[in-house]
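Thanks for coming. I have one chain to go through today, and I will start with the overall picture and then move to a few places in it. Please have the structure open on your screen.

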Amino acid sequence: MFYAYGIGGIGKSTLLHELKSRHHGNVKFLEADFNNSRLSKPIELMKHLHQQLLIHQPEADLFTVRYQQYQETLLRLETEAAAETQIVSAEQSSLVREYMGVARSSIVTEDESRFNPLSTRERFEKLLRQHPATQGSTQEKMSLRDLMLDPQQKLTQAFAQTLIQLSQEMPIVLWLDTYEKAQKDFNEFLGNELLKDTPLKDFPVRIAMAGRYKLSHGRYQHKFQDRGVPLIREYSLAKFSPQETQQYLKNIGVTNTDKVRRIWRATQGYPYYLNLLKKQKENDGAITLSGEQSGMVNLLLDGLNETEQRVVKLAAHCRWFDQQLIQALLQEFGEANIPFGNGINWFKWLTERDFTISDGSYRIDDVARSVIRETQHQEDKQKFCRIHNWIADYFEQLADREVSPDRSPLDKYENSEWQELMIEVIYHRLFAKNTEGKRQLLTCFFEGAYLKKPLIAISAFLTIASEAELKENKLLRADLQNFLDSIEKTIVFGWCAIGRPEKNYSISIKSQGEEVSSQVKSQIESGLKVCFRETQNLTGLAKCTALVSHSLRSYSDHKVSLSLLNQAYAEIETLRDLGNTHFIGNIFFDFAAAFGSKNSHEQALISINRSIEIDSENSKYYYLKSKILDNLECYEEALFSINKAINIDSENSNYYAINSQSVKSLKGDQKVIEIESEKSNYYRLKCKILYDNLERYEEALASINKVIEIDPVNPDINYLIKSILLYYLRRYNDALLSNEQASKINYKDYFFYIHKGLNLSLIGDYPAAIKSCDRAIELGGNEPILLVNKGIVLSRAGEYSQAMKLFDRVIREHPENEEGYYGKACCYARQGDTEQAIAALQQAIQIAPRRCCVEARWNPDFDSLRNDEQFISLVGESPSRDLSSIDVDRT
């Protein structure tokens, strides 16, 4: 890679053009300018560059084939349901959008909550296995799934192979200009995926790139650091000294001392302006400087009359312009002496100027626009702000025509034209020096984060950041400079962490260490605090999202957190009249989950019932309602609700896992542990299955068997759950078989070994049982539960004194835990010492009443006490069991 950097006007683009001119005909140049807003992602850049190649046989070109597969499959994933009998669900559409954003990003958020859901990647991979476009075991289908899981990586490899193949005919240069305007994802793509992870360096393919900042600048995330073989040559460009300017002018035939001095004053040695003079001399035969011009703006506008200069100055406020915008600008600000409509087509006139560039739209080149705007700002700040505010109004009116303001945010963000217009609105509003720009930026940030469509806020922000360092951009108010600088990482990366508490996620930046990733997370959270201060200026979905996110970060103050949630809930009413009812239903659903996370289960129930009122056939609503009802200990209603979900979506394994849990909890008083999504069958059962009150075991077993049948995720946990249910049913041999299936998949989890030991002890294989307990302690350490379970196995083997030593040790080291007392109760009951067994059990129950009562009711160690009135009054009636169903005699 050849990279030239320096401030505007230093000659970076000129240098690239000179490179192209010198090698014309001998090198194939593939050009891209990051001023082009369509080049927002690496895949789009590759497609743009690839279109400039002459591909004789597209069907034989790897990139053509792979890109077509990618586009066609992506369309099918977005428009075809995973099951033939269904329509495309909102969840499927949202998942595809979300994953395509994550898969093409250099930064990833990972959920670290105790009850974390399946990652976005895991959910998307599951969709690929089920969807008609990608399901199947053929080589073609597996290759297609690989492509869709890592589209940018796979397409980069294909793009590199195409470049390598065609470079054998003629060397290729990727010509990339204004890199300071590139989105953040290009740093990883160019610095690592294309430059270092492909064999391009071994072939006649090079990258020539120009930008304002050196590659070690913090905005590039250290992605261009050479590791091993140097692949990058970086050049800093500086303006000419007076002597170098004199020599340059001499080379083009200007030697008059007075004229050289005047040119130096006008150009300050900037190559951009010297080049303008060179062109003037080539075209007119001489360099003319009118009057006493000494400024660069005057040099740019030299030769234009006053009216023409005013037209250019107005146009310079625009990032890009078309005929309609120029006409409207002149009508608003043209004043009487700009003769618009008198036969002069000012738009056409502008497009013919040397400083106007056409690259999909018309714009004044960056250097000229920058210096003209700076001068305009210095001369009349109020007019500068007024013009930018008017342009923002102009684009906002166009956006409102594109999507009516009374439509839901979802309808707006689904419209790409509306998004592009809103980028312009925010950009110009921020230069208008009023608070509206800040409000609109944060509105699009929070709305975009909720909808997984962050393009507007990121693009508007990066557009301003590319023009100058935020703290040095004098066209912005000082307080706005500081505000934008403080939220940079939040706007660019924080959208994917909005819905998660700070403690429940980590940031992973590709090719970077933990320290850098941790710093980014810290900056995201710091910026969010700044954003939350502006919450009261927001409305609707943006305010809801900000308040909920703030609430999730207020875990140390439950009262404040709940107050923020209630404020957000009240704000939903402003969205009730919007047309998209599905969208509103999902908002109430998210609120139900948020209230549940704060243990405000009554409010959660109100919210989820509102969702069901809107859409009574949405299975996920009933799924969440069942969890809420479980937390409220309304077990019969919870079972009814989850059965409703099963009827709606009989193939969703989560509902069967919930059903299993609800059946177990109906007569007990143990609250179902709240979890957050598709891994419910894993986390709920793993956390509480050992001590649940199981009253309808066979039904629970049938339900978990259904999970095993339809859900390939976490088979080890599913088999362990089945093993535990069989253990409760006293089918110990069957339980051991299921436990063996689990431990074959995951042989390093101590939980499998301790459960195996308990099973073995109940069929009389004590040596194997003790060995299994020892293995559990080896893997899990001297945890109280592991030592006590070994003691219980020893007491079943008749080794009472050894068992008592373990129980006494646990009580001595962990007197606040119930396990040691409970183990002693088991041991005394085994020896027939009812009085001491009851006394020890009472001590355990005082510490953990529900858990110990449930345990004692089903534990065979207490079978001798089943009819004891004191035992019954302590733990309750034990469920009747047909002991003939026990599959082995115990000693």
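Before the first number, one term: a residue is called buried when its relative accessible area is under 20%. By that cut-off, 55% of the 891 residues of the chain are buried. Please keep in mind that this is a predicted model.

The chain has 43 helices and nine strands. Now take the contacts between residues at least 6 apart in sequence: 69% of them join residues at least 24 apart.

Next, the cores. In soluble globular proteins, nonpolar side chains tend to be buried together. Here the largest nonpolar core has 137 residues. Which residues have the most contacts inside that core? They are V312, L329, F446, F461 and F591. There is also a second, separate core of 65 residues, and L725, Y728, L806 and V875 are among its members.

Let me stay with F446 for a moment. Setting aside neighbours within four places in sequence, F446 is in contact with I498, C531, F532, L538, A542, T545 and A546.

V312 takes us to a helix, α13, which spans residues 306-315. Is this helix mostly covered or mostly open? Mostly covered, since eight of its ten residues are buried. V312 is one of the buried ones, along with T307, E308, R310, V311, K313, L314 and A315. You may recall that an α-helix has 3.6 residues a turn, so residues three or four places apart point the same way. In α13, the buried list includes neighbours in sequence, such as V311, V312 and K313. What covers these buried residues? The cover includes helices α14 (323-333), α15 (346-351), α16 (366-379) and α17 (381-402), and also the strand β8 (362-364). At the N-terminal end, α13 is capped by N305, with a side-chain oxygen 3.1 Å from the backbone nitrogen of T307.

Now to the empty spaces. The structure holds three cavities of 30 Å³ or more. I will show the second largest, which has a volume of about 80 Å³. Its lining is made up of Y179, E180, A182, Q183, K184, N187, R219, Y220, L462, A465 and S466. By type, these are five nonpolar, three polar and three charged residues. Which helix gives the most to this lining? Helix α21, residues 455-467, gives the most, with three residues.

The loops on either side of α21 are also worth a look. K452 lies in the loop between α20 (435-451) and α21. Its phi is near 60 degrees, a positive value in a residue other than glycine. K452 is partly exposed, at a relative accessible area of 27%.

In the loop between α21 and α22 (478-486) we find N473. Is N473 buried or exposed? N473 counts as buried because its relative accessibility is 5%. Leaving out neighbours within four places in sequence, N473 is in contact with F431, I464, A468 and Q481.

The last residue is N599, in the loop between α27 (581-597) and α28 (601-614). Phi of N599 is near 60 degrees, again a positive value in a residue other than glycine. N599 counts as exposed, because its relative accessibility is 56%.

That is the end of the tour. I can go back to any of these places if you have questions.

Conventions: Residues are numbered from 1 along each chain as its sequence is written. This is a predicted model: local features need pLDDT of at least 70, side-chain atom pairs count only at pLDDT 80 or more; totals for chains, interfaces and linings use all residues. Side-chain values use heavy atoms; hydrogens and water are left out. On a 1 Å grid over the protein atoms alone, a cavity is a set of points where a 1.4 Å probe fits but cannot get out, and a pocket is an open set with protein on both sides within 12 Å along at least five of seven lines; lining residues have an atom within 4 Å of a point. Grid points are joined across faces, edges and corners, and a volume is the space filled by probe spheres set on the points. Helices (H or I, at least four residues) and strands (E, at least two) are DSSP runs, numbered from the N terminus. Ala, Val, Leu, Ile, Met, Phe, Trp, Tyr, Cys and Pro count as nonpolar, Asp, Glu, Lys and Arg as charged, and the others, Gly among them, as polar. Buried means under 20% relative accessible area, exposed over 50%, partly exposed in between (1.4 Å probe, protein chains only). Contact means heavy atoms within 4.5 Å. A polar contact is a pair of N or O atoms within 3.5 Å; within protein, one must be able to donate a hydrogen and the other to accept it, and residues adjacent in sequence count only if both atoms are side-chain atoms. A nonpolar core is a set of buried Ala, Val, Leu, Ile, Met, Phe, Trp, Tyr and Cys residues joined through side-chain atoms within 4.5 Å.
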